[in-house]
Amino acid sequence: MKIRIFVGTGGVGKTSVAAASGLKTAIEGSRCLVLTIDPATRLKTALGIGTAGGAQKVPIEPFAAKGELWAAQLDVKQRLDHMVRRHARAGKLQLILEHPIYQAVARLVGIQELMAIERIGEALAEGYDEVIVDTAPSRHALEFLDKPEYFVQLVGSPIVRLVGRTYHWWEKSSLARLGRFGFELYSQIESLVGVKLARDVLEFFSAFQGVAEAYARESAATLKRLHDSRTTSFTIVTSPFKASRDAGFFWEELQKRKFFVEGLVVNRIWPELAVSARPGATREAEALVTWYRHVSAAHRQAWEHVAAEYSPKIRRLLPLRELPADIDGLPALHQMVQAMGQA
Amino acid sequence: MSAPKTASLTVFCGKGGVGKTSLSLALGLRHALQKRPTVVVTSHPLRELAASVSLAGLKERYPEAADNLFVIHIDPREALNDTVRTTVPSSILVKTILASSVYQSLVEVAPGLKEIAFLSRLHRLADEPSEAGKTFDRVVWDAPATGHFLQTLLVSRNFEQYLSGPFALLGAQLASFSSDATRFAVLPITTLEEMAVEETIELWRQLRGDLAIEPKAVLCNMVSPLARSTQPVEELQAQLEAERDDGAVQFILDRNAIERSLFGKLRAAVPGALRLIERKAAWTTDLDLLLDIAKQMEDFPDDWTQ
């Protein structure tokens, strides 16, 4: 089983490139799942599937595919509920699901990345040959790599385990058994953020503990596989004008986390435009021609620049040309697959 | 007694990849070139790197502007820690609180705590322009991409239901600042690409609806010189000549048609002001590109940024 994770900043066509890579793999014979984490994505439009939840089979028969393509979009709230139902300790389920802090947890920045790890773990058990992950743009994509580990550390720490118990001691014994320093610390935090919030958070944490620990156990195993270069590779997707900076940033960040960077895709490169204005053309037309020629030359220059810099470091460098229209369905996506083959 | 000097705040928001950071730096540059001390607060993931690369050479070419332009990155978690530092009197206690797991887990799950600390820091830059010994006339916020941007604003607005104490006070101050339309300008940015235009229309709707913020204008970034042309495509086609039979003319016509139709769509959906920022066709350094954009911003009306 292979996992390929696509990272990149916004607006570079990351979702399309990930989906086209999935389509290519499926045409060649794999049973492939494309999982998108980006809440702003239009994967459904790109793949021409409906809006129902869960993984959906994409109709790729017209392309003489030998394998299968499945697509799924991460539904954070649904995954979180699912996780809580599976792991909540007896008697705590309703308390968690109805707790005001829980509602906030579901909306939290970064929680989608935690749930993505959980979903990847599930996909690993579902027997796909390949799982392709389309991450949320930039900063969040890296949180997606940081957060689960942070979470594992957090619930793995004995001091945090105390949080839940501390609260109950505090409730039951009116602070009698809590050390003086612990009490002072807690009351400082309480006076900072207010009694209600501090209590809510502690109460929620004490109930959520079991879920978090179970999550940590599961995600630790998944994270281990993400760090294994035999199973998992990363592909950086960028566009010509962002290529140099994006490639540098993601290369560094992924190296730092010891992930295997297999590919760099520079998407949406304009073709060489050998066009001129006819004699007697309007100034508008002349300006247009000059502008397009310049921009397309700059695109190709940017590609040559990153290709020279990264060919010693990254095995697969892929320039993809700008397609005539938006990727708004399977035929357009298939065009991209063909462009991948030609590059 | 005269009113205390306060800076205005300009907020650039929009989809990832539409050029929020470039336009923020360019506006900062425009102010700095006109001798107005300006701070650009960037939420860009590449942080200082983006700015230092883009502004390389400024000090040599425009030393005075370089002296007036500041770029900072405020990490929301750091902003929150700062709030704790200024609120809790004992430095030993501050250290213990920040290091405690109770605090760290609270920061992670407490809704909006980091966001409100970030926004109040931003607010302070505008309201007390003497922070760190610098006096700023203008504050420019290079906001995070749409989803996170809206979340930051929303979560910090619904804060009073949870809070008492210093953070509730911050929340109240922020609410009064953000309801004063003369103090800040929100400028959504889009490119003329379908996904970006759709997201911008939705962002416009949410800003006005859920947040009661009236954006001053929508900026269309990186457009070609002909984005708003009315010259019929056939007429244009007749004037272009291909040197090879490789579809290059069609490529130009297609892209031009997409730009025009999306510009029309945007104009129909967003009744306010629309401004075009043309993409310079060729440039040598990032600074040249920013200077070109800054020039295009020279005629921005004052009430956007004042």
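**A walk through chains A and B**

Let's start with one pair of residues: in chain A, Cys32(A) stands opposite Leu69(A), which belongs to strand β4(A). Keep in mind as you look around that this is a predicted model.

Cys32(A) and Leu69(A) face each other where two strands meet. Strand β2(A), residues 31-36, runs parallel to β4(A), residues 68-73, and six bridges join them. Now look for another partner of β2(A): strand β5(A), residues 130-134, is also parallel to β2(A), with five bridges between them. Here you can spot Leu33(A) opposite Val131(A) of β5(A). How many of the six residues of β2(A) are buried? Five of them are, so the strand counts as mostly covered.

Over to chain B. Here seven strands make up an open sheet, and if you read across it the order is β3-β2-β4-β1-β5-β6-β8, with parallel pairing. At the edges you'll find β3(B), 69-72, and β8(B), 273-278, each of which pairs on one side only. From one strand to its neighbour, the sheet turns by 20° on average, if you ignore direction.

Zoom in on one pairing within chain B: β2(B), residues 38-42, and β4(B), residues 138-142, are linked in the parallel sense by five bridges. In this pair, Val39(B) stands opposite Val139(B) of β4(B). A helix packs on the sheet too: α13(B), residues 248-269, touches β5(B) (184-191), β6(B) (217-223) and β8(B). The direction of α13(B) makes about 175° with that of β6(B).

Next, the helices. Two packed helices are described by the angle between their axes and the distance between the axes. For α5(B), residues 76-87, and α8(B), residues 113-127, the axes come within 8 Å and cross at roughly 80°. That's why α5(B) counts as roughly perpendicular to α8(B). Residues that meet here include Leu80(B) and Thr83(B) from α5(B), and Ala117(B) and Phe118(B) from α8(B). Sorted by class, this contact has six nonpolar, one polar and four charged residues.

Finally, what about the nonpolar cores? The largest has 71 residues, and Val11(B), Leu29(B), Val139(B) and Trp141(B) touch the most other members. The helix α8(B) gives the most to this core, with eight residues. Take Leu29(B): setting aside neighbours within four places in sequence, its contacts are Ala65(B), Leu69(B), Leu290(B), Leu291(B) and Ala294(B). Apart from the largest core lies another, of 70 residues, including Ile5(A), Trp70(A), Leu74(A) and Phe204(A).

Note on methods
Residues are numbered from 1 along each chain as its sequence is written. Chains are lettered from A and ligands numbered from 1 in the order in which they are written. This is a predicted model: local features need pLDDT of at least 70, side-chain atom pairs count only at pLDDT 80 or more; totals for chains, interfaces and linings use all residues. A residue is buried if 20 or more other C-beta atoms lie within 10 Å of its own, exposed if 12 or fewer, and partly exposed in between; C-beta atoms are placed from the backbone. Helices (H or I, at least four residues) and strands (E, at least two) are DSSP runs, numbered from the N terminus. Two strands pair if DSSP finds at least two bridges between them. Axes are lines fitted to C-alpha atoms, for helices over the stretch in contact, and angles run from 0 to 180 degrees between N-to-C directions. Two residues are in contact if their C-beta atoms, placed from the backbone, lie within 7 Å. Angles under 35 degrees count as roughly parallel, over 145 as roughly antiparallel, 65 to 115 as roughly perpendicular and the rest as oblique. Ala, Val, Leu, Ile, Met, Phe, Trp, Tyr, Cys and Pro count as nonpolar, Asp, Glu, Lys and Arg as charged, and the others, Gly among them, as polar. A nonpolar core is a set of buried Ala, Val, Leu, Ile, Met, Phe, Trp, Tyr and Cys residues joined through C-beta atoms within 7 Å.
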